[in-house]
Amino acid sequence: MAVSVFDLFSIGIGPSSSHTVGPMRAALIFADGLRAAGLLDRVARVRAELFGSLGATGHGHGSDKAVLLGLEGERPEDIDTDAVPTRVAAIRATAGLRLLGTHPIAFTEDTDLVMHRRKALPLHPNGMTFTAFDAAGERLAERTYYSVGGGFVLDQEAADGPVISADTTPVPYPFRTGADLLAHCAAHGLTIAEVMLANELVWRTEAEVRAGLLDIWQVMRDCVAAGCARDGTLPGGLKVPRRAKALHEKLLAEDGAGDPLYVMDWVSLYALAVNEENASGGRVVTAPTNGAAGIIPAVLHYYTRFIPTATLDGVVDFLLTAAAIGVVLKETGSISGAEVGCQGEVGSACAMAAAGLTAVLGGTVAQVENAAEIGLEHHLGLTCDPVGGLVQIPCIERNAVGSTKAINASRMALRGDGTHIVHLDKVIKTMRQTGADMHTKYKETARGGLALNVIEC
């Protein structure tokens, strides 16, 4: 296994894991590399070039701001999100920034941050190249990075290897596919959560894993609370109104009597709240991406609020189970909208949430795998077509729909006995093939689908 649960669920900043979190991390890695090579004090200028999907929708996804802040040494997991507008405005007003917060350099955004809207690098749609120059204009260093989804970043040297840089630490139950995962469960009498936990114990104690996952859950809860408390409009030219606060107040005023789907309105609310926070550049948990960050929190809220037997142990098992499915999706499929469309983002998150919910509701290993398969199968072919390049339309509502589909997938699986014809690995393979066949304009470029037919005002 190459990925930890804390790789799949990481605390970050909106609106996009691949377009905001990834570029911020890449810029920081480049700046750290300059310092490690003893070049930092010689740098007078840095040029950043964003290609493919990053170049096409980078402004709407905050990639430009992320690069500036990453060069200054900021990390997505602990940056003060409220201070971002002021920080960026200062960099732009002074035409300069401080590499790693200490070394001042000139930085003119018009010439030093280039968005190549129709030019891509060969290995992945989300490519970036950073170049450092000295005062005489001589090149000191140049590196290319790829943001491959979920905030994961590879450099050029690693790009020819696995999609995720391998961790060489031996784990007791290595797996890449759903079949591998189920085989471990059958051979050792373990649940999927227990397999994932056993592997996590290579890096952390059980107490640390539990505490870390409950911290993740708290950030998810805080994100929902923030989304329910704020009104107004989301940033960007679309002027999309926030809806979560008004919906929250409306649901609180109702008792749901006589409405059998009242609970599902709460699920939609939770997802809307998270994704409105994400769209505004707030603090979110990448789960497994920012564009699909509302689904797992929404389904977890459903579990903790509406399932009488819910416990904190259940929350931990939910996240471990969902992460195991996420590992399989990341290793053998994709969670990148720029690579396979939104089937890889919302579809993956739906599969993960359906699996986690099924596990904590007492489902067998076979039922858990079935729930994940159902959740992903019925997102096959879903395009990524953000209007105006913003993670707002259709992304916010798409999370609400994906959340209710995850609950439906779980219920379908629990009503069966776990036997089914199409297994998760086949659906993941199909997702990958479908993404390869999908025209580039439907993969996070804002040049097709709704992005073409809904005009930004």
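This passage describes the domains, the contact between them, and selected local features of a predicted model.

The protein chain of the predicted model is divided into two parts by the domain assignment, with domain 1 covering residues 14–155 and domain 2 covering residues 178–442. Taken over C-alpha atoms, the centres of domain 1 and domain 2 are separated by 29 Å. A record offers a further view of the chain, since an unreviewed UniProt entry lists residues 188–451 under the name "domain: Serine dehydratase-like alpha subunit". Over residues 188–451, helix accounts for 62% of the chain and strand for 2%, while the C-alpha atoms at the two ends of this stretch are 49 Å apart.

The two assigned domains touch one another, with 22 residues of domain 1 in contact with 21 residues of domain 2. Between them, domain 1 and domain 2 bury about 1,500 Å², and 52% of this area lies on carbon and sulfur atoms. Of the area that domain 1 buries against domain 2, 30% is supplied by Gly 14, Pro 15 and Thr 81, which is more than any other three residues supply. No salt bridge is counted between domain 1 and domain 2, whereas 8 residue pairs, with both residues at pLDDT 80 or more, are in polar contact between the two domains. On the side of domain 1 that touches domain 2, the elements that give two or more residues are α2 (17–36) and α3 (52–61), and the largest share, 4 residues, comes from α3. The residues of this side of domain 1 divide into 7 nonpolar, 12 polar and 3 charged.

Several features of the backbone can be set against a general background, in which most peptide bonds are trans and most residues other than glycine have a negative phi. Gly 14 and Pro 15, both named above among the residues that supply buried area in domain 1, are joined by a cis peptide bond with an omega of about 10°. Pro 15 is placed in the loop between β1 (10–13) and α2. A cis peptide bond also joins Ala 287 and Pro 288, where omega is about -5°, and Pro 288 lies in the loop between β9 (283–286) and α12 (295–306). Leu 100, although not a glycine, has a positive phi of about 55°, and the position of Leu 100 is in the loop between β3 (96–99) and β4 (103–106).

Charged pairs form the last topic. Side chains of opposite charge can pair when their charged atoms come close. The structure as a whole holds 19 salt bridges. In one salt bridge, the side chains of Glu 77 and Arg 25 meet at 3.9 Å, N to O. This pair links distant parts of the chain, with Glu 77 in the loop between α4 (63–71) and α5 (84–94) and Arg 25 in helix α2, the two being 52 residues apart.

Methods. Residues numbered from 1 in each chain as written. Predicted model: local features only at pLDDT ≥ 70, side-chain atom pairs only at ≥ 80, totals over all residues. Heavy atoms only, no water. Domains from an automatic or database assignment. Contact = heavy atoms within 4.5 Å. Buried area = accessible area lost by both parts, 1.4 Å probe. Salt bridge = Lys/Arg side-chain N within 4 Å of Asp/Glu carboxyl O. Polar contact = N/O pair within 3.5 Å; in protein donor to acceptor, adjacent residues only side chain to side chain. Nonpolar A, V, L, I, M, F, W, Y, C, P; charged D, E, K, R; others polar. UniProt positions renumbered as here; feature names shortened; annotations may be inferred.
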